[in-house]
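Let's take a friendly walk through this structure together. Keep the sequence and the 3D view side by side as you read.

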Amino acid sequence: MEDDFIALGIKSGRIEFTFNLGSGIGRLATDLIVENGFYNVNVDRNGNTVTMSVTNPSGGNQLITGSSPCCNSGLNTFTSLLYVGGHSSDVTSLTGGYFTSGFVGCIAQLSTSLNPAGILYQVNLQGDATNGAGVYLCMT
């Protein structure tokens, strides 16, 4: 994973946000081990500093802040697609071996503010998708 990227996943049982803004990889990971249930994960990035807030099913909250190395602060992925949950190809090779499989579970809601005004927009994961692999409705 040499180019700029952001990745949110589960690694060794912990929720992890990994990112590269062009000057090296930054990583934030929870202390808590993920178990069954709905987790609320909020990631905010301001320049090269990232804050991740995770609320577990029983209401416990963990706040983690970290930075990427050096001074680059822009995420240059303008010509790339956004993959949510996984990919129909080999996830291991796409992530440089960092993740070995796509997400298995339910993503009930995804919102993003990838716009200059910072307005939060909800993404329709099925209606707005260009393509899908292993995508099903959530059982709530």
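In this predicted model, strands β2 and β3 pair in the antiparallel sense, and five bridges hold the pairing. One of the matched positions is easy to look up: F17 has L28 in β3 as its bridge partner. The two strands make a hairpin with four residues between them. In that turn you will find G22, whose phi is positive at about 110°.

Now look to the other side of β2. This strand, residues 14-20, also runs antiparallel to β1, and seven bridges join the two. Here F5 stands opposite N20 in β2. Put together, the three strands form an open sheet in the order β1-β2-β3, with antiparallel pairing. Its edge strands are β1 (5-11) and β3 (25-29), each of which pairs on one side only. From one strand to the next, the twist averages 15°.

Between β1 and β2 there is a loop, and S12 is found in it. Most residues other than glycine have a negative phi. S12, which is not a glycine, nevertheless has a positive phi of about 55°. Is S12 buried or exposed? Its relative accessibility is 68%, and because the cut-off for exposed is over 50%, S12 counts as exposed.

Let's return to β3 and look at its side chains. In a regular strand the side chains alternate between the two faces of the sheet. Along β3 you can follow this residue by residue: G26 and L28 point to one face and are buried, while I25, R27 and A29 point to the other and are not buried.

What does L28 touch? Leaving out residues up to four places away in sequence, L28 touches I15, E16, F17, F19, V50, M52, I64, T65 and G66. Several of these names come up again in the largest nonpolar core, which has nine residues: I15, F17, F19, L21, L28, V50, M52, V54 and I64. The elements that give two or more residues to this core are β2 and β5 (49-55). Apart from it lies another core, of five residues, among them F5, V91, Y98 and F99.

Just past β3 comes a loop that leads on to β4 (40-46), and T30 is found in this loop. Why does T30 count as buried? The cut-off is under 20% relative accessible area, and T30 has a relative accessibility of 1%, so it counts as buried. A polar atom of the T30 side chain lies 3.1 Å from the backbone oxygen of L32. Leaving aside neighbours within four places in sequence, T30 is also in contact with R14, I15, M52, V54, Q62 and I64.

Finally, step back to see the whole chain. Its secondary structure comes to one helix and eight strands, which follow the pattern β-β-β-β-β-β-α-β-β along the sequence. Of the 140 residues in the chain, 21% are buried. Among contacts between residues at least 6 apart in sequence, 38% join residues at least 24 apart. The chain exposes about 9,500 Å², and carbon and sulfur atoms supply 50% of that area.

Conventions:
Residues numbered from 1 in each chain as written. Predicted model: local features only at pLDDT ≥ 70, side-chain atom pairs only at ≥ 80, totals over all residues. Heavy atoms only, no water. Pairing = 2+ DSSP bridges. Axes fitted to C-alpha atoms, helices over the stretch in contact; angles between N-to-C directions. Core = buried A, V, L, I, M, F, W, Y, C linked by side-chain atoms within 4.5 Å. Buried < 20%, exposed > 50% of the residue type's maximum accessible area, 1.4 Å probe, protein only. Contact = heavy atoms within 4.5 Å. Polar contact = N/O pair within 3.5 Å; in protein donor to acceptor, adjacent residues only side chain to side chain. Areas by Shrake-Rupley, 256 points an atom, 1.4 Å probe, with all protein chains shown as cover.
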